[in-house]
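Hi,

Here is the structure I promised to pass on. Have a look at it first, and then read on for what turned up.

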Amino acid sequence: MITVNGRAYAAPRSPLVVLCIDGCEPDYLTRAMEAGAMPYLASVVARGTWAIADSVIPSFTNPNNMSIVTGVPPSVHGICGNYFYDPHAGVEVMMNDPAYLRAETILARFAREGATVAVVTAKDKLRRLLGHDLKGTCFSAETADADVLELVGMPRPSVYSAALSEFVVAAGVTLLATARPDITYLSTTDYVQHKHAPGTAAANQFYRMLDGYLGRLEAGGATVALTADHGMNAKTDAGGRPNVVYLQDLLDGWLGDGRARVILPITDPYVVHHGALGSFATVYLPDGPPAGEVIARLAALPGMELVIDRDAGCRRFELPVDRMGDVIVIAARDTVLGTSEARHDLSGLDAPLRSHGGLAEQRVPLVLNRPARPAPGARLRNFDVFDVALNRLA
Ligand SMILES: [Zn+2]
């Protein structure tokens with residue numbers, strides 16, 4: 001057994017492939033299976049493991065990918081968004097630098113113990129975090145070089161495309177057939193899920209593609225474990241317009257300009273498909289009024305799911321207290337949070353807004369092509385996937 005961040009893991013008995021399917025609301029899988037688009041997955045449901053797990057809150061990509069590969073919540077590994085405010089330096093920064101990571105990954109540790117490990121991501125933003133300290137194969141589809149393109153046998157896809165995710169899973173199949181890593185971690189992108197609801201033709205087409213690769217991974221002799229970083233919901237009104245609460249505008253009006261600082265941890269360089277709008281925000285009140293007054297006022301707004309102070313929020317969601325603002329704001333299922341209206345460019349949205357970040361996007365699938373014993377009495381989390389795949393196969 002190898003212990004990483006306080007949890008023990010057995011060495012894999014057959015090659016293990018863990019897939020994080022970005023934005024994979026469980027309905028995408030059930031609707032695709034109902035439509036006959038995922039015959040392989042339907043066979044897995046009958047003979048393997050099908051469960052629903054909770055993602056980390058905020059239900060964003062980086063915190064969840066890092067929880068999955070470390071086996072612990074953000075309070076331990078430190079990555080609580082794509083983006084955060086460093087109050088000591090007084091700057092807002094991307095959180096994709098391994099300098100912000102406070103825990104070792106299961107991947108790096110197994111590699112150090114002699115296992116062969118491969119990591120393939122869609123976007124390059126995650127590659128450095130997932131590959132931190134990793135002695136092994138690690139590349140992104142976004143920046144694949146000539147050698148990788150030849151290995152996978154596909155042209156480099158656009159960063160805004162379904163093909164970016166296909167490249168990741170195709171690379172996983174090729175690596176399994178050639179280098180045959182003991183552990184492979186594949187992380188896709190949610191381009192399709194941000195645009196298309198479960199059961200739509202485009203969504204089913206994506207999942208039909210995925211199903212073919214999943215079957216090839218099993219045919220290659222792998223234990224296949226699939227989970228997701230977060231779900232996805234429509235964030236629009238009856239007319240298809242985005243339901244946005246612009247928090248910075250509201251707070252500037254209530255408190256005076258700039259007395260509160262609203263941070264949206266969904267912010268990243270790739271905003272075309274969601275306009276940097278998600279259902280989680282945190283608010284810094286450096287010299288503002290007591291947090292309680294702001295909380296009461298925000299909580300009374302329509303479209304709010306939960307508004308709480310930093311300590312209560314960090315306890316409940318296992319977040320690092322030094323990387324959260326004084327107030328944590330979570331919007332309801334159909335609502336997203338913005339800063340100032342003028343700072344969000346929604347011109348790139350060519351489909352009604354779908355996004356994530358809140359409690360409504362916390363349910364994710366956890367599926368294995370082998371039967372597993374559940375941990376007694378424990379709440380299943382997406383970051384239990386390595387524990388289930390390595391320790392709990394029946
Ligand atoms: Zn994601």
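A quick word on pairing before the rest: two strands count as paired here if DSSP finds at least two bridges between them. The model is a predicted one, so please read everything below in that light.

With that in hand, start at strand S13. S13 and strand S14 (residues 280-284) are paired in the antiparallel sense, over 3 bridges. Within that pair, Arg-261 has Tyr-284 of S14 as its bridge partner. Both strands belong to an open sheet of 4 strands, ordered S13-S14-S16-S15 with antiparallel pairing. Strand S13 (261-263) and strand S15 (304-309) are at the edges with a single partner strand each, so one side of each has no neighbour in the sheet. On average, neighbouring strands here are turned by 20° against each other, ignoring direction.

What does S16 pair with? S14 on one hand, antiparallel over 4 bridges, and S15 on the other, antiparallel over 5 bridges. Ile-328 of S16 is a handy landmark, as Thr-282 stands opposite this residue and so does Ile-308. In a regular strand, side chains alternate between the two faces of the sheet. You can follow that along S16: Val-327, Val-329 and Ala-331 point one way, Ile-328 and Ile-330 the other, and all are buried. With 5 of its 5 residues buried, S16 is largely enclosed by the rest of the structure.

Two helices lie across this sheet. Helix H11 (residues 247-255) lies across S13, S14 and strand S16 (327-331), and runs at about 165° to S13. Helix H12 (residues 291-299) lies across S15 and S16, running at about 175° to S15.

Now for the metal. Which residues hold the zinc ion? Its protein donors are Asp-22 (OD), Thr-61 (OG1), Asp-229 (OD) and His-230 (NE2), at 1.9 to 2.2 Å. The 4 donor atoms subtend angles of 91 to 139° around the zinc ion, and that makes the arrangement irregular; to count as tetrahedral, all angles would have to lie between 85 and 135 degrees. Along the chain, the donors follow the spacing D-x38-T-x167-D-H. Asp-22 comes from the loop between strand S3 (16-20) and helix H1 (26-34), and Asp-229 from the loop between strand S10 (223-227) and strand S11 (233-234), so this pair ties together parts 207 residues apart in sequence. Asp-22 and Asp-229 are both buried.

The donor Thr-61 takes us to helix H3 (61-70). All of H3 is out of sight: 10 of its 10 residues are buried, so the helix is largely enclosed by the rest of the structure. Among those buried residues are Thr-61, Asn-64 and Met-66. After H3 comes Gly-71, with a positive phi near 80°.

One last residue to check is Ser-59, in the loop between strand S4 (49-54) and H3. Is Ser-59 buried or exposed? Buried, with a relative accessible area of 0%. A polar atom of the Ser-59 side chain lies 2.9 Å from the backbone nitrogen of Gly-357. Leaving out residues up to four places away in sequence, Ser-59 touches Asn-64, His-230, His-356, Gly-357, Gly-358 and Glu-361. His-230 in that list is also one of the zinc donors.

Cheers

Conventions
Residues numbered from 1 in each chain as written. Predicted model: local features only at pLDDT ≥ 70, side-chain atom pairs only at ≥ 80, totals over all residues. Heavy atoms only, no water. Donors = N, O, S within 2.8 Å, 3.2 Å for Na, K, Ca; no water. Tetrahedral: all angles 85-135°; square planar, octahedral: opposite > 155°, others 65-115°. Helix = DSSP H or I, 4+ residues; strand = E, 2+ residues; numbered from the N terminus. Buried < 20%, exposed > 50% of the residue type's maximum accessible area, 1.4 Å probe, protein only. Polar contact = N/O pair within 3.5 Å; in protein donor to acceptor, adjacent residues only side chain to side chain. Contact = heavy atoms within 4.5 Å. Axes fitted to C-alpha atoms, helices over the stretch in contact; angles between N-to-C directions.
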